[in-house]
Amino acid sequence: MAKIQIFGSLRDLFSGHDVVELDVSNLRQLLIKLPQLYPECAPEIAEGVSVSIDGKIINDAWFTPIRPDSEVVVLPRIVGG
Amino acid sequence: MSAQTKQFKVIGQRLQRPDGIDKVTGRARYGADIDAAGMLHGKILRSPHAHARILSIDTSAAEQLNGVMAVITRADFPTPHKGFEDVQDNCMAGDRVLYDGHAVAAVAATSKHIAKQAIKLIKVQYQVLPHVTDVEQAIQPDAPVVHSGLVSRRVPKGFSENVVRYSSFGHGNIETGFKAADAVLERTYKTEATHQGYIEPHACMASMGLDNRADMWVCTQGHFWIRNMCAGVMAMESASLRVTASEIGGGFGGKTTVFIEPVVLALAKKSGRAVKMVMTREEVLRATGPTVSTMMHVKVGMNKAGRITAAYAKLFYQAGAYKQATVDFGAMPAFAPYALENVKTEGLDVITNRPRTASYRAPGAPPACFAAESAIDELCQELGLDPMEVRLINAAKGGTKSSYGPTFEDHGLIQCLEAAKAHPHWQAPLEINQGRGLAAGFWFNFGGETCVSVFLNNDGSVTVTEGNPDIGGSRASISMMVAEELGIPYEQVRTTVTDTGSLGPNEPTHGSRVTFAVGLAAIKSARAIIDEIRARLARMWEVDVTDVVWQDGAAHYTGNKAGTFEPLDLRQVADIANNLGGPIAGHHEANAEGAGVSFGVHIADTEVDPETGFTSVKRYTVIQDAGKAIQPDYVEGQLQGGAVQGIGWALNEEYVYGEDGCLQNTGFLDYRIPVASDLPMIDTVIVEVPNPGHPFGVRGVGETPIVPPLAAIANAVSRACGKRQVDLPMSPPKVLASMQKA
């Protein structure tokens with residue numbers, strides 16, 4: 001089970017949890033399962049998020065692997081200038 | 001072979017920039033240089049009010065003026081595609097104007113003069129509404145509301161409806177951390193909005209046929225995004241619009257979105273002619289960019305050993321007239337350089353009657369860094385600690401849990417701090433009225449959607465086709481990476497930036513992504529060429545493909561018939577390519593992931609005139625981790641450019657609004673960016689801690705250098721004049737007033 005870390009204000013969308021455990025093996029599965037289990041986060045996920053997987057910011061690549069011991073952090077969508 | 005051990009032949013050299021001669025001779029074609037036969041000239045009528053309801057627009061007199069071929073208002077725009085409503089509203093106002101300079105109507109005429117005359121003939125009836133432009137006033141419960149109903153559910157109570165978003169980050173328990181501190185400092189900091197200040201104003205030309213298919217030439221950081229946004233605003237299919245990017249005279253984030261482009265398309269559609277529009281500097285300042293203005297509350301605790309025990313920041317970012325997420329990118333990196341057990345940041349997005357803010361190099365990070373690094377510097381003074389040692393004690397490393405969540409991979413912050421400490425600048429004596437400031441800064445970097453094609457030409461030269469306008473020297477660095485991979489001279493490769501009809505989608509030149517992501521795709525394209533050559537030669541030599549290797553720019557047979565086949569270089573392969581099956585090309589399309597984070601450390605010396613409060617920058621040094629500098633001249637240019645823009649933000653640049661909510665300083669005489677004579681040479685040190693996510697170790701370098709300067713200069717000025725500076729820009733009257741305070 002991958003441990004998804006939820007920080008700060010996002011916790012409100014995940015029933016107050018700071019860690020959510022999910023049986024997922026890639027980013028696509030994560031982005032499907034999160035709103036299924038926590039419907040309140042659906043608008044944020046739909047709007048677009050970045051996900052840090054083992055320290056790398058991933059914006060869209062669905063098939064980025066998530067290992068059971070991966071560090072996964074859901075973040076606002078990273079932009080740049 | 002890892003990037004750390006690889007011996008490069010091309011990478012790392014200071015080779016000639018391919019666009020240099022064109023730019024110094026005037027041959028390069030910028031946005032305003034593009035013309036077409038029978039072209040019309042477009043002009044926009046802009047709101048003179050900060051906030052008003054549009055009661056009526058009478059365009060009849062303008063339409064009757066000889067030479068006017070089209071007049072448009074919002075009524076001429078279709079219902080936009082979902083998600084582009086705000087973009088359309090910002091390009092052309094609907095029933096309300098939301099800021100001084102908001103577009104209200106536009107004309108296309110046979111000359112610029114006639115277009116200007118026609119604009120004056122358009123009669124608009126306004127009902128002026130209450131306005132708010134200041135972030136502190138905008139959050140008050142009784143402030144005039146810019147948009148109703150936008151407040152997201154997580155925004156805390158007690159503010160006006162202008163506070164539309166809330167985010168927070170952090171870990172640990174800050175209250176516990178503050179109790180463990182020997183000194184706790186609380187301050188409120190402010191920064192004013194600045195503009196990206198690109199030399200070249202926005203310009204574009206477009207034509208549209210009766211079949212609604214259109215072509216556009218535009219000065220932009222990302223023509224694929226311009227296409228997508230125009231298609232969204234004009235309710236078109238993207239394939240119906242082909243966009244070509246001109247050379248670009250600066251963007252810095254401000255040219256990643258549309259302002260005039262959909263308006264020009266609408267004029268072209270209505271007139272049936274090609275239409276060109278070039279913004280004036282006044283229009284650029286009133287209606288494009290700028291960055292946020294801010295109010296930031298910061299609290300930091302530190303013990304006598306210099307360990308930061310807790311850090312907290314509450315950031316209010318004024319985002320202009322539409323909802324933005326910039327404040328998140330202040331809240332996340334504010335304390336990112338430090339390994340902290342207890343940290344919390346909160347970000348609140350505030351809308352006002354100002355132009356919609358646009359990205360500006362590391363959007364959101366410089367103000368937050370100013371506040372955080374100023375507080376740390378002041379605590380160092382209070383506790384009698386060396387600011388360099390304090391930063392070394394607290395510095396984040398590989399394996400550190402960052403203040404915004406993820407655990408860092410290896411990066412170069414410690415190496416940058418060590419390099420700064422060892423630099424002669426850090427030890428140089430200071431004179432009277434001078435002070436030295438230090439600051440560290442961070443930016444995320446990312447990759448994104450990228451397509452590259454590489455072609456082997458008939459003579460063995462190589463063409464690289466990519467889709468990102470060259471802002472910081474990417475044509476040179478992409479050519480160098482392809483030359484390195486193919487083992488051929490740099491001069492044998494030419495990289496061109498192609499139009500949206502010739503390549504798949506590309507994210508803009510933003511996010512410090514191009515050398516990393518486009519470079520990665522170019523390397524993989526070159527590898528595809530090598531693999532194709534190996535396969536074809538194996539077939540010709542009737543050997544196993546695994547026995548054909550590409551080394552030093554040639555194919556070699558390494559099997560047990562060694563000596564049977566002479567090596568073939570790229571030109572020899574090109575000569576027989578058709579015999580071997582036809583042209584040889586490689587391409588790579590990917591969502592490039594694996595960008596490495598970037599840290600920088602800046603040292604600034606300033607001198608403050610005690611009579612006038614005027615600050616002069618005496619010496620400035622930038623130290624930054626580039627992963628691997630492909631072309632060091634360009635990397636140094638990025639470091640210097642970012643530092644100069646940050647110095648301007650710290651000392652000179654600000655949007656000044658009058659009581660009427662209108663911008664008062666709409667030209668470069670009154671909005672003062674630093675010029676060469678204002679500054680010393682910006683010294684640079686490139687640190688190279690390779691990014692494992694790139695074959696050559698590249699990290700983006702474009703954004704981080706604007707993050708620390710606000711703080712570095714503020715710390716230097718504070719130490720020079722003996723008064724802590726908390727309000728940017730540090731204009732002479734402000735600094736003088738602070739010095740005269742008891």
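**A hairpin and its sheet in chain B**

Mentor: Let's start with β20(B) and β21(B), which form a hairpin with two residues between them. In that turn, B:Asp552 has a positive phi of about 50°. Keep in mind that this is a predicted model.

Trainee: What makes β20(B) and β21(B) a pair of strands?

Mentor: Two strands pair if there are at least two bridges between them. Four bridges join β20(B) to β21(B), so the pair meets that cut-off. The two strands run antiparallel, and one of the residue matches is B:Trp550 with its bridge partner B:Ala555.

Trainee: How do you know that β21(B) and β22(B) pair too?

Mentor: Strand β21 (residues 554-557) of chain B and β22(B) share two bridges in the antiparallel sense. The cut-off is at least two, so this counts as pairing. B:Ala554 has B:Asp569 of β22(B) as its bridge partner.

Trainee: Why are β20 and β22 of chain B called edge strands?

Mentor: The open sheet has three strands, in the order β20-β21-β22 (chain B). β20 (548-551) and β22 (568-569) each have a single partner strand, so one side of each is left without a neighbour in the sheet.

Trainee: Which residues of β21(B) point to the buried face?

Mentor: B:Ala555 and B:Tyr557 point to one face and are buried. A residue earns that word if 20 or more other C-beta atoms lie within 10 Å of its own. B:Ala554 and B:His556 point to the other face and are not buried.

Trainee: Which helix lies across these strands?

Mentor: Helix α16 (residues 514-541) of chain B lies across β20, β21 and β22 of chain B. The helix runs at about 135° to β20(B).

Trainee: How many residues bring domain 1 and domain 2 of chain B into contact?

Mentor: Each domain gives 13 residues to the contact. Residues count as touching if their C-beta atoms lie within 7 Å, while the C-alpha centres of domain 1 and domain 2 of chain B lie 40 Å apart.

Trainee: And what makes up the side of chain B that touches chain A?

Mentor: By class, that side has 14 nonpolar, 14 polar and seven charged residues. Altogether, 35 residues of chain B are in contact with 22 residues of chain A. The largest share, five residues, comes from β7(B).

Trainee: What confidence does the predictor give?

Mentor: The complex has an ipTM of 0.91 and a pTM of 0.96. Chain B averages a pLDDT of 96, and 99% of the residues score at least 70.

Technical notes. Residues are numbered from 1 along each chain as its sequence is written. Chains are lettered from A and ligands numbered from 1 in the order in which they are written. This is a predicted model: local features need pLDDT of at least 70, side-chain atom pairs count only at pLDDT 80 or more; totals for chains, interfaces and linings use all residues. Two residues are in contact if their C-beta atoms, placed from the backbone, lie within 7 Å. Ala, Val, Leu, Ile, Met, Phe, Trp, Tyr, Cys and Pro count as nonpolar, Asp, Glu, Lys and Arg as charged, and the others, Gly among them, as polar. pLDDT is the predictor's confidence in each residue, from 0 to 100. Domain bounds come from an automatic or database domain assignment. Axes are lines fitted to C-alpha atoms, for helices over the stretch in contact, and angles run from 0 to 180 degrees between N-to-C directions. A residue is buried if 20 or more other C-beta atoms lie within 10 Å of its own, exposed if 12 or fewer, and partly exposed in between; C-beta atoms are placed from the backbone.
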